[in-house]
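Me: I should like to go through the terms applied to this model and see how each is justified. Please set each value against its definition.

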Amino acid sequence: MSHADALIPLHLCVLTVSDSRTLAEDRSGDYLVEALAQAGHHLHDRALLPDDRYRLRATVSQWIADPAVDGILVTGGTGFTGRDSTPEALLPLLDKEMPGFGELFRHVSVEEIGTSSLQSRAFAGLANQTFLFCLPGSTSACRTAWEKIIRAQLDARTRPCNLATLRPRLKE
């Protein structure tokens, strides 16, 4: 696999799952939008939807059907309450799961929140050659996931390997 000497800007979508927030109050989504821009990526689209598995699935399905979208960052709906439905909504869309993401996220989260990290059902995978990362709804969880895992994996300069340079090979 070859490595890039420069950043390959990706086109990313941000979806916030919340029954109680509006876009004006969406600090987690705001953080992800700012973080991806600071890393040199482009915001393709952004949405905020209630915890409704069919609306979540419909929006993400539209994004993964768009060949211009390289990845999707979802925040919220990954807990254990009765309304948390992000895994149930989006796992069926995955062609390939990335189990190491959820495992690694919970591992690094234990440093910040202790054993409460086991309550996260964060996950990631590949859907129609589009990377999908599903994170808890808190801004600190989004920051942890972005800074400790996602940012480096979406940067083509990360060695020995990264997801960004895999992008052209996903259609093989």
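Me: Why is K148 called partly exposed?

Reply: The relative accessibility of K148 is 42%. Buried means under 20% relative accessible area, exposed over 50%, and partly exposed in between, with a 1.4 Å probe and protein chains only. K148 therefore counts as partly exposed. This is a predicted model, in which local features need pLDDT of at least 70 and side-chain atom pairs count only at pLDDT 80 or more, while totals for chains, interfaces and linings use all residues. Residues are numbered from 1 along each chain as its sequence is written, and side-chain values use heavy atoms, with hydrogens and water left out.

Me: What makes the contact of E112 and K148 a salt bridge?

Reply: A salt bridge is a side-chain nitrogen of Lys or Arg within 4 Å of a carboxyl oxygen of Asp or Glu. For E112 and K148 the N to O value is 3.5 Å, so the pair meets the definition. The two residues link distant parts of the chain, 36 residues apart: E112 is in helix 4 (residues 99-113) and K148 in helix 5 (residues 139-153). Helices here are DSSP runs of H or I with at least four residues, strands are runs of E with at least two, and both are numbered from the N terminus. E112 is partly exposed, at a relative accessible area of 43%.

Me: How many salt bridges does this rule give?

Reply: The count comes to 10 salt bridges.

Me: How do you know that R46 and D26 form a salt bridge, and what does the pair tie together?

Reply: Their side chains meet at 2.9 Å, N to O, so the criterion is satisfied. R46 lies in strand 2 (residues 42-49) and D26 in the loop between strand 1 (11-17) and helix 1 (27-38), so the pair ties together parts that are 20 residues apart in sequence.

Me: Which of the terms buried and partly exposed applies to D26, and which to R46?

Reply: D26 has a relative accessible area of 0% and is therefore buried. R46, at 23%, counts as partly exposed.

Me: Which residue of helix 1 forms a salt bridge with R46?

Reply: D30 does, with the closest N and O atoms 2.9 Å apart. D30 lies in helix 1 and R46 in strand 2, so this pair ties together parts that are 16 residues apart in sequence. R21, D26, D30 and R46 are linked in a network of salt bridges.

Me: Why is N128 called partly exposed?

Reply: Its relative accessible area is 37%, so N128 falls in the partly exposed class. N128 is found in the loop between strand 5 (123-127) and strand 6 (130-135).
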